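Open the model in your viewer and follow the stops below. Have a selection box ready.

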Amino acid sequence: MTGRVGTRSAGIPRARSEAGEKPPEALERDAQRASVRTALDHLTGRRPDGEEERRAPRGGLLSFTGPAGSGKTTLLAEVRRLAADGRECTTLWARGGENEQSSAFHVLRQLFQPLMASYSEADRRAVLGDWYGIVGPVLGLCPAAEAAAPDPQGVRDGLDWVVTNVAVSRGALVLVLDDAHWADAESLTWLASFTARIEELPVLAIVAYRPDEVPDIPRAFGEMLSRRVRPMELPPLSAAAVTDLVARELGTDVEEKFGAEVWKITGGNPFETVGLSAAIRERGITPTGDNATQLHGVAGAMSGVGVLDRLDRLGSSVTRLAWAVAVLGTEASAGLAACVAGLGPAEAGQALDELRAAHIVRGEETLEFDHPLIATAVYGAIPAAVRVALHGKTAWELIESGKGSAAAARHLLETHPEEDDWVAGHLQEAAREYLRTGAPDAARRCLDRALREPPPPEMKASVLYELGSPALLRDPVVAINHLRAALDEPSLDPEMRVGAVIRLARSLAHFDQVPEAAKVLAEEARATTDPRVKLRMHTEHFLRAVFTTKEDDGPARSRLLAQLAQRLTGRDLTERYALGLRAWDAVVRGEPAAVALEHAERALGSGLSWTDEHWGYEIPALLALTFMYCDRPDRAEELFAEGIAEFEGKAWRGAHLSFGYTLLAYFRFRCGRLTDAEDFARAGLRAADPVGPRTPAQWYALGTLIEILLARGQVEAAQELAARYEFAAPFPTAVTIPNAQAVVGELLLAQGDHEGAARELEAVGESLDARGMLNPAWCPWQLHLALTHRSTDTARARELANEAVSRAERFGTDSAMGQALYVAARVHAEPERTELLQRAVGHLEKSPSTYELACALVDLGAALRRTGRLTQAAENLYRGLEVATTCGADAVMAKARTELAEAGLRPRRL
């Protein structure tokens, strides 16, 4: 006997549920709902057993996966209801759009714009805090400033801060993202980085996606899904559940045989089951076992074909409006859709009523399709030529309504190149908008498309120039080609030409083509008749040479720079930057520090920006280092602090902020503040990690941190760090501070591998001496090399140390002299050792090098103890212990205590 099944209390919501009706729960999704409830309980601190005691809130990440139509959207609707059901969570919702992946931050704006709209302007500024100028443009709250573009990492950091602030101030926050496989790359990359620490915050992120689309998702998001959570799959419904669902949709009992046939046809897919049920209802088929054979004749209705058939029957006006909604995506306001469709208000209103009645479109002011599969089917059915025209009209309407070029860009990208100046111009402007909001990939897409239009000659030159922007530098070869093409354009603006030559040289240097970069700059210097441009080219050439180990004739370059600097007055930025290079060159060559300081002060003038988009941060950083090496710690720290503040204020995170933190760490290390130095160096390394492995930023941070760890006596920690990051050959062609190969030699020396250390340090010395870089304060390779020979070749050790002392005397700073004399003492015997240590202490006491002072005091105390001068020994050992304690130099402290014990003295209570 054929049984009949009534509707259950749990089922997929009807496509035509009445307004205000509570959506029923999804069928056979109990495990998924339980996971959501548990996660929400953790988020809000609820105890599942109903006890009054609350736990500390804990965030997390849940992901649901399944093929199209498996019920992900229905489940996420339940998530939103559960979050609001007595839990008082703030829930933010967004959906990826199949045709909106090229719109940077599209999903983020969906998530946060409704929330931000609930605040007053004053409250919005309070919520966004200092990040208002960075995050506001990303979320569409304000225009981006006409300033240097923030980098993507800075934007992500700002978004992290804002979301954290909202979660802390408003309580539990739930982020729901449907169709994550269609979300834009910028939004997904932020979500992937944010969820790395989401458990520390009262934030729950829940995403749903189609597994077959994962390869198209940004790598960071794919790694997040595989690493942090195990996606919960939504399997097909059973035959019984399909029968229940058909019964709910038809509002009547359904015989099991009929339901089983529906299940066979749909494969248990909820969406297809609902679609087939709609066709059954329209055709008036009674759901009995005898009528099961009729289902195959209407099976097409469950797919997009059925939707399109219904749409055809509704007439051309309704179809045009549906096409407009499909093209607009989430931008589909009723008024804009009517304009794009070319319908008057009355005709559009009637068409919209029919689309709603047919369960194809829903919404009042903002329109959306009842299901993403319907949107896909309708968009795919638009004739190609019509679709292109609709995108073009949409772009025009968006720009005319004041939405801006970036809002129109995704539609312009869908049009065909037709040598249209209007299209190319708005794509170029969209690229500039994207750059100012920290979305370089989106900017690159717009410029590439503008170039294919193609634009008129004068615009083409600027588009090529902008494609060579440092902010867009992903592939140096591509940038080089674009910049060479720009320079070939006769209509290139003269000022832009200077910028293009400089960008080309920097790209070539980035691609390790330093000789070619020098050639480009030299040719432009010879070709120009403008003396200011000529100086600019020479200055850029000198700057490239500073940061590369591949230089043919360093001494000749230094002589030319010195001659040039004599004629400069510092009247403009070009001259001041050239003077800054001269100051730094004097430091590394080991000229008297007074010479370096004189040029540094003239270069600084009233101040230099660390974020000047035409010059960059290199010269201000070199000037700060110049003051550091010349024993002017006050000026150095002031400049480093200014640089970091500028980087943070403009959201230049990534490599820029990493360099800022690292250089500040190196400064504090040289001033003996080892604990602070380690903290800043680790911050620099954290900022460098997202930039990529073995990049200059990472080399700087690692070299600095390893030196700090060695100074603190943590040799094993330094070795583990070097091994983890593969801090070893091949060494970078870019100059690093401290010198990476010298740091490896120092590490090997600390480990007792004197032969390996000598090999690395000899190579460093050979390279630097050939380039005329003779200052032991800048790179003390001679001092460390002397220590490698201390026990095997005393004469060689003393020769190296004495030469380093001679070079330090020429430079003339107390820190350089004290450090050189201290190492010289370590390779000499008595009585020279004690005399050299006393001289070293005398210089170091007048320098900012307190760590080296601690080392020299303790060694001097030890030397005095061994010669029986216990009173003098005790005085130096106690002072050395105090200074070492202040520095955080654990190994020196231990050595001081040992020496005091050997002398029969107790360490003073500090």
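Start with the largest nonpolar core of this predicted model. It holds 143 residues. Select W584, L625, Y629, F640, F727 and W778: these have the most contacts inside this core. Nonpolar side chains tend to be buried together in soluble globular proteins.

Next, select helix α33, residues 696–711. This helix gives the core its largest share, 11 residues.

Now zoom in on W778. Which residues does W778 touch? Leaving aside residues up to four places away in sequence, the list is W584, V588, Y629, Y666, V735, I737, L768 and M773.

Move to a second core, separate from the one you just left. This one has 103 residues. Select L139, A324, A341 and L352, which are among them.

Your next stop is strand β4, residues 173–178. Are the residues of β4 buried or exposed? Six of the six are buried, so the strand is largely enclosed by the rest of the structure. Check both faces. L173, L175 and L177 lie on one side, and V174, V176 and D178 on the other. All of these are buried, so to speak of β4 is to speak of a strand covered on both faces.

Now show the neighbours. Select strand β3, residues 90–95. β3 and β4 run parallel, joined by six bridges. Look for T91 in β3, opposite V174 in β4. Then select strand β5, residues 203–209. Five bridges join β5 to β4, and these two also run parallel. Here V174 has L204 as its bridge partner.

Finish by adding helix α7, residues 185–194. Together, β4, α7 and β5 form a right-handed β-α-β unit.

Note on methods
Residues numbered from 1 in each chain as written. Predicted model: local features only at pLDDT ≥ 70, side-chain atom pairs only at ≥ 80, totals over all residues. Heavy atoms only, no water. Buried < 20%, exposed > 50% of the residue type's maximum accessible area, 1.4 Å probe, protein only. Helix = DSSP H or I, 4+ residues; strand = E, 2+ residues; numbered from the N terminus. Pairing = 2+ DSSP bridges. Right-handed = clockwise from strand over helix to strand, strands pointing away. Core = buried A, V, L, I, M, F, W, Y, C linked by side-chain atoms within 4.5 Å. Contact = heavy atoms within 4.5 Å.
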